[in-house]
Amino acid sequence: MNESIIMADGLEIATQVFGDPTHEPTLLIMGAMASMLWWPEEFCQQLAAQGRYVIRYDNRDTGLSTFYEPGSPPYTMDDMAEDAMHVLDAYGIESAHLVGMSLGGMIAQIAALAHPARVRTLTLISTTPIGVDTSTLPQTSDTYMEHAAAGESVDWTDNAQVIDFIVKDTRMIAGTAHRHDEERTRNLVERDVKRAKNFVSATNHVMLKGGDAWKSKLGELVAPLLIVHGTADPIFPVEHGELLAETVEGAELLRLEGGGHEIHPEDWDEIISAIDAHTGAQHPSKLP
């Protein structure tokens, strides 16, 4: 495993790689307010063991990447999609398999639409379609919205308060199929908060806009699409994943029964097997 900071358009982007660089390049894009640590090291290692060269990175305003003053992010989801391409450029990768989680899934959709030749396959986990009307679908649960509103009373400069709130957040978005491991989660959150240059800047992600240029264009997606969605997701209910599958011809949908808005360790084998099948023999590399 190697870690490095790349420079692109004046940005610093922290990255880590796993596996053999001659293997299939696979770029992992994490969701809102979450650094690359939320792609667990063991998950990345297991994915790399399937013949993948795995890259994870800190989005803007998370971890060791460039951060901005909280309250008015001077960038959009479209800019973050370009960040993903810059990461590939830094590693000399012409095209890769993209795997996006939640906000990362929205970023990955934009990247795949904006740069079709650079995306071999697309895997979207616990996300919602870009440029598609989702107003008739079930929305984020009232219980979670009440919890999120309580975040306004958190002193985001007080690490203890922040850690407690985020640990509770992970419990609120967990599914029903598996036990929520609070000790494991707290250890992760503590590492994430301690590692970040300025953790409070991650709150900029809840204000992000973008993707307007891709309204009604998702059906034009070229990259073969795999959708992984928990049936008990309280953030983006499973109907969002179903609409993705209906919108993109040939898309595959893997329902995780009782799964939440998470990549739970007990689902890793199923998720990794699905990604392996999707990015392997079924979809040969577009490169000669």
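Salt bridges and aromatic ring pairs are described here for a predicted model.

A search of the whole structure returned 10 salt bridges. Three of these contacts are set out below, each with the elements that hold the partners and the accessibility of the residues involved.

One salt bridge joins the side chains of Glu-24 and Arg-120, with an N to O distance of 3.2 Å. Glu-24 belongs to strand β3 (residues 24–29) and Arg-120 to strand β6 (residues 119–125), so that distant parts of the chain, 96 residues apart, are linked by the pair. The two partners fall into separate accessibility classes: Glu-24 is partly exposed at 22% relative accessibility, whereas Arg-120 has a relative accessible area of 8% and is buried. The assignment of Arg-120 follows from the cut-off, because buried residues are those under 20% relative accessible area.

A salt bridge is also formed by Asp-276 and Arg-52, whose closest N and O atoms are 2.9 Å apart. Here a helix is connected to a strand: Asp-276 lies in helix α8 (residues 268–279) and Arg-52 in strand β4 (residues 52–57), so the contact ties together parts separated by 224 residues in sequence. Asp-276 is partly exposed, its relative accessible area being 25%. Arg-52, in contrast, is buried, with a value of 5%.

In the salt bridge between Asp-164 and Arg-186, the side chains meet at 3.0 Å, N to O. This pair links two helices, with Asp-164 in helix α5 (residues 159–173) and Arg-186 in helix α6 (residues 182–195); the residues are 22 apart, and the parts of the chain they connect are distant. Asp-164 counts as partly exposed at 42% relative accessibility. Arg-186 is likewise partly exposed, with a relative accessible area of 25%.

Aromatic contacts were examined in the same model. The search of the whole structure gave 4 aromatic pairs. In the pair formed by Tyr-68 and Tyr-75, the ring centres are 5.4 Å apart and the planes stand at 40 degrees, so the arrangement is tilted. The class follows from the angle, because planes under 30 degrees apart count as stacked and those over 60 as edge-to-face, with the rest taken as tilted. Tyr-75 is buried, with a relative accessible area of 4%. Elsewhere, ring pairs link Trp-39, Phe-43 and Trp-268 into a cluster.

Definitions and conventions: Residues numbered from 1 in each chain as written. Predicted model: local features only at pLDDT ≥ 70, side-chain atom pairs only at ≥ 80, totals over all residues. Heavy atoms only, no water. Salt bridge = Lys/Arg side-chain N within 4 Å of Asp/Glu carboxyl O. Helix = DSSP H or I, 4+ residues; strand = E, 2+ residues; numbered from the N terminus. Buried < 20%, exposed > 50% of the residue type's maximum accessible area, 1.4 Å probe, protein only. Phe/Tyr/Trp six-rings, centres within 6.5 Å; stacked < 30°, edge-to-face > 60°.
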